[in-house]
Amino acid sequence: MKDEEEEKDDEEDTEEEDQEGEEKTEEKEEMKDSEVDKEDLKIYYQNCNGLRTKYNQFKSNCDYRDYDLICLTETWLNGNIHIGDYFSSGDYKVFREDRYHYDDRKGGGVIIAVRQNKFIVERRTDLETDEVESIWIQVSMGTDCFPLLIGNLYLPPVNCNMPNRIVRNYCEFLVEKVDVSKYNVICIGDFNAPEPSARFNIIDDLFSDLNIRQQNSVRPSNPNYNLLDFAAANFPLSVKWEPGMVSPDEKHPSILVRFSKGIFQDKYSFLGNTETE
């Protein structure tokens, strides 16, 4: 009887040890994930389908979400709206382009907001034109780091006075202006380029010429809708669905783009990494 009780106690001790071991393993995995999170940079992207009526929702989400960059398309803002009302004071440096600057049609508009005091940021207006709604910025973490170009674009559909001729001209302009041997590049936005289509072929050629790959596979939940929002880069991205900062348009799922901050040390190419000299 005593032997049976001792054996039972031993089994209970073994179960407790196994449970403790599993808990420690889970803690290590959580710690490992946390450490990875600290090393990743995070870009939130969403086609807002208008911010003007969604101020409270956006502001409350912006106050507690921790992104390094926020890229928005179809903001529908105009010169009467102060962008500081949407972003907490001092948290982000906001680069904004409203459609009204060069077009009397409503809608459109793009924003890139960059977390303050984390990067050295310069707007690259030399990569922007009056015909295409875009913002380009150059980001670095110091003079010894490799620069990152980030472009946020909104291309209206062909039937909304955005002929493919204009898109093609802008793509050719970018290819001439961007020396991909000197930058890591992210190109994100709503391209309204369903596959297959002539617009898709133009954008695909652009990505090929810039040696960047489209890496967003987060599709609308309705299978009848096409994938319209792209996230392309010449280095690996992790792209996943993210809850919207404003009520999402069903055709445009919001996404979280993550990548290693090691890109600021190396020039990445899908053909292999090349260390900067």
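A disulfide is defined as a pair of cysteine sulfur atoms within 2.5 Å; the structure holds zero disulfides. The model is predicted, so local features need pLDDT of at least 70 and side-chain atom pairs count only at pLDDT 80 or more, whereas totals for chains, interfaces and linings use all residues. Residues are numbered from 1 along each chain as its sequence is written, and side-chain values use heavy atoms, with hydrogens and water left out.

Cysteine 71 is buried (under 20% relative accessible area; exposed is over 50%, partly exposed in between; 1.4 Å probe, protein chains only), at 0% relative accessibility. Cysteine 160, at 35%, is partly exposed.

Strand E8 (184-190) belongs to the DSSP runs numbered from the N terminus (helices, H or I, at least four residues; strands, E, at least two). Seven of the seven residues of E8 are buried. Asn184, Ile186, Ile188 and Asp190 point one way from E8, and Val185, Cys187 and Gly189 the other way. Strands are taken to pair if DSSP finds at least two bridges between them. E8 runs parallel to E7, with seven bridges, and leucine 149 stands opposite valine 185. E8 and E10 are antiparallel and joined by five bridges; cysteine 187 has alanine 232 of E10 as its bridge partner.

The largest nonpolar core (buried Ala, Val, Leu, Ile, Met, Phe, Trp, Tyr and Cys residues joined through side-chain atoms within 4.5 Å) comprises 31 residues, and Ile137, Leu148, Ile150, Ile186, Leu237, Val257 and Phe259 touch the most other members. Strands supplying at least two residues each include E1, E7, E8 and E12. A second, separate core of 28 residues includes Ile166, Val167, Tyr170 and Ile212.
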